[in-house]
Amino acid sequence: MILVRSVRPTDLDSLLELARKAGPGMTTLKADRATLAERLARVAGTLAGETPLARQGYLFVMEDTDSGTVVGTAGIETAVGLDQPFYSYRQGLMVHASRELGVWKRMPTLYLSHDLTGYSELCTLFLDADYRRDGNGPLLSRARFLFIAEFPERFAERICAEMRGHFDEDNRSPFWEALGKHFFAMEFEQADMLVSLGKKAFLAELMPRHPVYVAFLPEAAQRCIGLTHRDTVPARRLLETEGLRFENHIDIFEAGPILECHTADLRTCRDSALHVVTIREHPVSEEADAGACGATSGPTLVSNRKLHDFRVALIERAPRCDGIPLTPAEAAALQVEAGDTVRTMALRSKARGEREPRNTEETRTGS
Amino acid sequence: MIHVRPARPADLDQIEQLAAAARPLLHSLPADRDTLRDKLALSARTFAGDASAPDDELYSFVLEQSSTGRLLGIASIVAAAGRAEPFYTYRNEVIVHASRELRIHHRVHALTLCHELTGNTQLSGFCISAELSRTEIPALLSRARLLFIANHPERFTEDLFAVLPGVSDEDGRSPFWENVGHKFFGLEFRQAEFLSGGRNKTFIAELMPHHPLYVPLLSEDAQAVMGQLHPQSTLPFSLLAEEGFESDRFVDIFDAGPVMTVKRELCRSIRESHRRGVTIGDAPAFADEADHRLYLVCNASVERFRALALALPQDLPEPLTLDEQAAALLEVEEGDTLRCAALHPDRA
């Protein structure tokens, strides 16, 4: 079965393999053993309470328990911008108007900002192409929200996620070509490489300090503002279902949108529920089950609520009034026993009629 | 002879013709009768008044053919530009983008809307009949203003400036305006230029960019004309450049034409001019040309200001002997004071 769990030091080789599959587009998942080992140590330190706030972060992996292979990963940084400044552009608006001349002009303006400093950040989402099916994408991404819902005190009041920005057919960023390039005298790839080496803040120091009038950018660059890379559209939709929104902050290099919301407003924080585990060899289907509560139905995300060995699985049935029935195999995978309490969240929200993207085409993640 | 004198309201017809013939058209000298009438009235009040500090005064001077009364040019001094409302220019700044870590050192230019020239004395509205452009006469008109300033420093400021026309085509299209001003105004260049009639209107504050403009983000056409002179304005530009005016720090907010600035005390006409008493008699005119040199000469009056170009003895004896005709044209009598500046600089 497919399981999402906290990363372990022994996952290093598997992660390295996964990073090779992710390719160079993923700046926070480079196929570099030392970098990954350092990341794992940081996660362990965070769980042990030994890592300072500025460096705290979590990483989860998706495992196919049948083969024991790691097929995906997803992370959360506790508080961004406390070590190196976290830069973004905020797109604001200036209105230039003169009653005398009968002129009224809307002038969108980009302001370099550190607005998102201290926000928690959803990051490093990657799923092996072979596993982009059966709700694995939403399971991987949303397992993180169950963790946040379980341990809200470990996260900031607000949370954000950077979406990859738009690149044209030649794999060039029109936004970079129009803006960043003038201030760096280097190609995007070079800048991108420096970012992956953790030098983003150095680069940001070279960016224009004064606000930039959007009207002075070529149209192709203007269109990039807040535009998501086509491969990242499903990931964005998923986060929007969770309650994150584009609030006019964009990446300073390629203008991809940064989604954000109050952590307490995450759908999983609001709507997840606690249920007692019951073990059934053959759980009855919900239609025939007189004990169903009716609050939620269909596939359900279930987490074991354990900080040090956090696990989430997607099961085919909803909780009942007397608890959530798990098969012995599911209980074993989640490391829970009858009588334990688990946190559950419906994969699809019935009340609000929102649908998760679930077919293979839509869950091609890449942020 | 041709002399310079204060403009009068009665000069309106001729000045209107000069303004209409000016190329490029000057926003500071619009061929609009009502505007010109107001300006001439203000100038007449200014010359008649006894200003003790620079304020709203406008001094307009005309170039007149002594024998016919025909006007051949006009030029003005605004005692303090933008007294009622700030005077706007773009300051051309250099911003260094450097990172020691990344071994990058990069200079980027940015234009910042500024009020720095507000309240400074401005030379403006220089316009001369095309037939004179290859003579010494344009220098007489342009520099007469500086000799006037030298005589009455209390009426002007220590920093002087002038805005020269930038690049625009015959239809009045300015590449800089198309790329910059138009984004904020939504108006055509000439429309905006003559609506404003200056650089100190409230709507400039309302419409012009509040944030610096990074030059690399401007179109190539716009960048190419920054600080560039209108091709038909080389004459007034070179006259000011010879005086020591420099044009590297500011550009005009509409067409990015050069804004020239100078410290009054460093201005050649002011620094290298001399005061002499007058005596009237038979000037030893042209007795020996080698001993003579062409000088710009003006009297010390405000209301009856006169300036002309005269050949005077090289060593400018004290007092200077003028013949009857020159004394009459300069409206001076025995014992009055003159200010003289060599038309051409000393050869080094």
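## A tour from strand β5 of chain B to the interface

Begin by selecting β5(B) together with strand β8 (residues 213–214) of chain B, which in this predicted model pair in the antiparallel sense over two bridges. Within this pairing, pick out B:L111, whose bridge partner in β8(B) is B:L213.

Next, keep strand β5 (residues 104–114) of chain B selected and colour its residues by accessibility: eight of the eleven are buried, so the strand is largely enclosed by the rest of the structure.

Then add strand β4 (residues 89–99) of chain B, which pairs with β5(B) in the antiparallel sense over eleven bridges. Here B:H97 has B:H106 of β5(B) as its bridge partner. Following the chain through the hairpin of β4(B) and β5(B), you pass four residues between the strands, and B:R103 in this hairpin takes a positive phi near 55 degrees.

Now display both chains and select the residues at their interface, where 35 residues of chain A are in contact with 31 residues of chain B. The two chains bury about 2800 Å² between them, with 71% of that area on carbon and sulfur atoms. On the side of chain A, select A:L101, A:F183 and A:F216, which lose the most area to chain B and together account for 24% of what that side buries.

Turning to the polar atoms, a search for salt bridges across the interface of chain A and chain B finds zero, while ten residue pairs between these chains are in polar contact. The elements giving two or more residues to the side of chain A that touches chain B include β4 (88–98), β5 (103–113) and α4 (174–184) of chain A. Coloured by class, that side shows 24 nonpolar, five polar and six charged residues.

Methods. Residues are numbered from 1 along each chain as its sequence is written. Chains are lettered from A and ligands numbered from 1 in the order in which they are written. This is a predicted model: local features need pLDDT of at least 70, side-chain atom pairs count only at pLDDT 80 or more; totals for chains, interfaces and linings use all residues. Side-chain values use heavy atoms; hydrogens and water are left out. Contact means heavy atoms within 4.5 Å. Buried area is the accessible area (1.4 Å probe) that two parts lose on being put together, summed over both. A salt bridge is a side-chain nitrogen of Lys or Arg within 4 Å of a carboxyl oxygen of Asp or Glu. A polar contact is a pair of N or O atoms within 3.5 Å; within protein, one must be able to donate a hydrogen and the other to accept it, and residues adjacent in sequence count only if both atoms are side-chain atoms. Ala, Val, Leu, Ile, Met, Phe, Trp, Tyr, Cys and Pro count as nonpolar, Asp, Glu, Lys and Arg as charged, and the others, Gly among them, as polar. Buried means under 20% relative accessible area, exposed over 50%, partly exposed in between (1.4 Å probe, protein chains only). Two strands pair if DSSP finds at least two bridges between them.
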